Amino acid sequence: MSSLLCIFLLFAVFISHGGAATEAPVEAVKDINGKPLQTRFYYYILPVVRGRGGGLTMSKPENKTCPRSVIQDQFEVSHGLPVSFSPYDRSRIVRVSTDQNIKFSPTSIWELANFDEATSQNLISTCGVEGNPGQTTVDNWFKIDKFDNDYKIRFCPTVCNFCKVICRDVGVFVQDGKRRLALSDVPLKVMFKRA
């Protein structure tokens with residue numbers, strides 16, 4: 001009788017979970033104080049390795065169609081400009097390996113720019129648009145992944161199931177003294193500080 005009761009209880013638990021194992025929640029990205037990043041706050045993106053520049057910011061306007069590139073400030077003591085995050089699923093918490101819009105302001109949203117023939121690089125610009133995950137916005141989505149005990153930013157959007165995308169880390173490309181963000185085999189190791 002007791003084995004029949006155990007089988008019944010196991011079956012009830014199985015049914016209550018939708019007949020399948022539940023997925024573990026995705027880990028939150030944490031700031032330098034160990035608190036989860038939240039979409040309602042702004043954060044500085046800072047390099048973990050010091051001595052090669054400061055926080056992330058925007059370049060001065062370069063042309064009319066795409067005014068600014070994402071760069072690393074040349075001064076190590078600079079925090080750069082604060083950013084906010086908008087996850088594709090509208091979560092209030094920023095989670096690891098989840099598609100995000102990263103923005104300096106509502107009109108300065110990160111985007112993977114077209115391949116730059118002059119530098120042979122895929123540079124990061126601030127000409128993206130927020131939201132509307134899909135084919136037309138696929139270049140505007142970035143992920144924050146664990147990298148050792150810190151983080152890295154990665155371009156590998158999954159907001160479009162049938163789109164063919166490049167999957168690479170975001171690193172630094174030095175051009176004319178500017179430390180520009182670009183797709184790279186050497187990721188920039190970063191941390192987040194609440195502004």
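**Charge pairs, worked through**

Asp185 is exposed, at a relative accessible area of 69% (exposed means over 50%, buried under 20%, partly exposed in between, with a 1.4 Å probe and protein chains only). The model is predicted, so local features need pLDDT of at least 70 and side-chain atom pairs count only at pLDDT 80 or more, while totals for chains, interfaces and linings use all residues. Residues are numbered from 1 along each chain as its sequence is written, and side-chain values use heavy atoms, leaving out hydrogens and water.

**Exercise 1.** Find the salt-bridge partner of Asp185 and place both residues.

*Solution.* Start with the rule: a side-chain nitrogen of Lys or Arg must lie within 4 Å of a carboxyl oxygen of Asp or Glu. Arg168 fits, with its closest N and O atoms to Asp185 being 3.2 Å apart. Now place them: Arg168 sits in strand β10 (residues 168-175) and Asp185 in the loop between β11 (178-184) and β12 (190-194), 17 residues apart. Helices (H or I, at least four residues) and strands (E, at least two) are DSSP runs numbered from the N terminus. Last, the cover: Arg168 is partly exposed at 27%.

**Exercise 2.** Work out which parts of the chain the Glu130 and Lys103 pair ties together.

*Solution.* First, the contact: the closest N and O atoms of this salt bridge are 2.8 Å apart. Glu130 lies in the loop between β7 (124-128) and β8 (143-147) and Lys103 in strand β5 (residues 100-105), so the pair joins parts 27 residues apart in sequence. Then check the cover: Lys103 is buried at 12%, while Glu130 is partly exposed at 34%.
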